[in-house]
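Trainee: Could we go through this model together? I would like to see how each label is justified.

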Amino acid sequence: MHIPDGFLDLKTWGTLYGVSGGTTAYALYKVRDRLEGKKIPLLGITAAFIFAAQMLNFPVAGGTSGHFLGAMLACVLLGPFEGFLVMVTVLMVQCFFFADGGLTALGANIFNMGIVGGLFSYYLMVLLKAPLSRWIGEKKALLSSVAVFSWVSVVLASAACAIELVISGTVPFNVTFPAMVGVHSLIGIGEAIITTVALVVVLQSRPDLVDAYRGPALSQTATAGEVA
Amino acid sequence: MAIDVKKNLRENKGLWIFVGVGIVVAVLLGVFVAPWASSSPDGLEKVAEDKGFIKKAEEEKPTWTHSPMKDYAFPGVKSEKASTGISGLVGVLITLAAATVIGLLALGLNRLHKKRMSAEGSPDAP
């Protein structure tokens, strides 16, 4: 759902540039207290994986395709603000090197896919996970909350995109909103599957590398420095 | 801040294996799967086509015209599949580098901040 140039008017894309720019600055400030050297290569591979996975459009109903978003996965693996910065990176590379998403719409695209689909959806996921983990255990709670809210993240991002189109006067609400949310509730199923499978794989191999997982790390894979 | 590469590799062997596997997976997806991805319009494009506002993007002159791999096509490569695959590889490497640089930038801010805090806290600070 990368918005090209021409879909948004100046007041909309200008405002969203401000919001996204401010959030990016805040995220850089926020992660500096908790970022350690070990996490840097993880930021790199998560961004690279999301970039590659976003190229893999899968067909959904009626001659439409959808692709993985990855914002929820990034936030769960790395922490919300680190995940947000990864999404900013991916969206900037796509905009500047691949003409995927317009330069005027970059702020809007970061807002939709990084803030609404990333940060906001992540904290909604945490709200579900926290009480759930007392009932069914940390691991099941994390996986089921992530499955649900990675679907939600795509739907909310598409809703935000639709509303921006309406505010810009590009297309009326009753025309675009149901269509955007409808098709993305299908694409969101793909998002939920890919995110959950990827999370299961990382939880199996290196649970200590999953930021949102608070359960016991596997003792044989955790190195001495990580146990503390 | 000198980094002992050998010591780091030995102590974080598992991490580096994980990172290596991650890079390989991303490259394989970008090079060997992406060329066969669906070329149907995505959700937003499809809605824009159906509702008739796609022309707003088509009529608009792009504000950034220097994208070297527009629409994931590597310039000068005739085969469409190879073109997508190569741009997938290049894109994965650029993204990897860019996110690493942003991480290092944040880490640098972190170290600068800590240094300043400890300088302010120590009695011999000016």
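**From values to labels**

Mentor: Gladly, and let us begin with A99(A), which counts as partly exposed because its relative accessibility is 26%, and that value lies between the limits of 20% and 50%. Keep in mind that this is a predicted model.

Trainee: Where does A99(A) sit?

Mentor: A99(A) lies in the loop between helix 4 and helix 5 (106-136) of chain A. Helix 4 of chain A is followed by this residue.

Trainee: What is notable about the phi of A99(A)?

Mentor: The phi of A99(A) is positive, about 55°, although the residue is not a glycine. Chain B has a residue to set beside it: Y72(B) is not a glycine, yet has a positive phi of about 60°. Y72(B) is in the loop between helix 4 (54-59) and helix 5 (80-121) of chain B.

Trainee: Is Y72(B) buried or exposed, and how do you know?

Mentor: Y72(B) has a relative accessible area of 15%. The limit for buried is under 20%, so Y72(B) is buried.

Trainee: Back to helix 4 of chain A: how do you know that its length agrees with what a helix should span?

Mentor: Helix 4 covers residues 80-98 of chain A, which is 19 residues. At 1.5 Å a residue the expected span is 27 Å, and the end C-alpha atoms are 26 Å apart, so the two agree.

Trainee: What makes you say that helix 4 of chain A is largely enclosed?

Mentor: The count of buried residues does: 16 of the 19 residues in helix 4 of chain A are buried, so the rest of the structure largely encloses this helix.

Trainee: And which residues have the most contacts inside the largest nonpolar core?

Mentor: They are F7(A), V76(A), L142(A), L199(A) and V210(A), in a core of 97 residues. Take L199(A) as an example: leaving aside neighbours within four places in sequence, its contacts are L73(A), V76(A), L77(A), L142(A), L143(A), V146(A) and V210(A).

Trainee: Why is S185(A) called partly exposed?

Mentor: Its relative accessible area is 22%. Buried would require under 20% and exposed over 50%, so S185(A) is partly exposed. S185(A) belongs to helix 7 (residues 173-205) of chain A, and touches W151(A) and V155(A) when residues up to four places away in sequence are not counted. The C-alpha atoms of S185(A) and V152(A) are 8.1 Å apart, with their positions 33 residues apart along the chain.

Trainee: Now the salt bridges. What makes K129(A) and E138(A) a salt bridge?

Mentor: Their closest N and O atoms are 2.9 Å apart. The cut-off is within 4 Å, so the pair qualifies. Both K129(A) and E138(A) are buried.

Trainee: How are the side chains of R206(A) and D208(A) placed by the same reasoning?

Mentor: They meet in a salt bridge at 2.9 Å, N to O. R206(A) is buried at 5% relative accessible area, whereas D208(A) is partly exposed at 22%.

Trainee: What about K70(B) and D71(B)?

Mentor: Their closest N and O atoms are 3.5 Å apart, and they form a salt bridge. K70(B) is partly exposed, with a relative accessible area of 48%, while D71(B), at 55%, is exposed.

Trainee: Which residues are linked in a network of salt bridges?

Mentor: K39(A), E82(A) and D211(A) are linked in this way. Over all chains the count is seven salt bridges.

Trainee: How many salt bridges are there between chain A and chain B?

Mentor: The count is zero. There are, however, 14 residue pairs in polar contact between the two chains, both residues being at pLDDT 80 or more. Helix 2 of chain A gives the most to the side of chain A that touches chain B, with 11 residues.

Trainee: How much area do chain A and chain B bury between them?

Mentor: About 5,200 Å², 75% of it on carbon and sulfur atoms. R32(A), M55(A) and F98(A) supply 13% of the area that chain A buries against chain B, more than any other three residues. As for contacts, 65 residues of chain A meet 60 residues of chain B.

Methods:
Residues are numbered from 1 along each chain as its sequence is written. Chains are lettered from A and ligands numbered from 1 in the order in which they are written. This is a predicted model: local features need pLDDT of at least 70, side-chain atom pairs count only at pLDDT 80 or more; totals for chains, interfaces and linings use all residues. Side-chain values use heavy atoms; hydrogens and water are left out. A nonpolar core is a set of buried Ala, Val, Leu, Ile, Met, Phe, Trp, Tyr and Cys residues joined through side-chain atoms within 4.5 Å. Buried means under 20% relative accessible area, exposed over 50%, partly exposed in between (1.4 Å probe, protein chains only). Contact means heavy atoms within 4.5 Å. Helices (H or I, at least four residues) and strands (E, at least two) are DSSP runs, numbered from the N terminus. The expected span of a helix is 1.5 Å times one less than its number of residues. Buried area is the accessible area (1.4 Å probe) that two parts lose on being put together, summed over both. A polar contact is a pair of N or O atoms within 3.5 Å; within protein, one must be able to donate a hydrogen and the other to accept it, and residues adjacent in sequence count only if both atoms are side-chain atoms.
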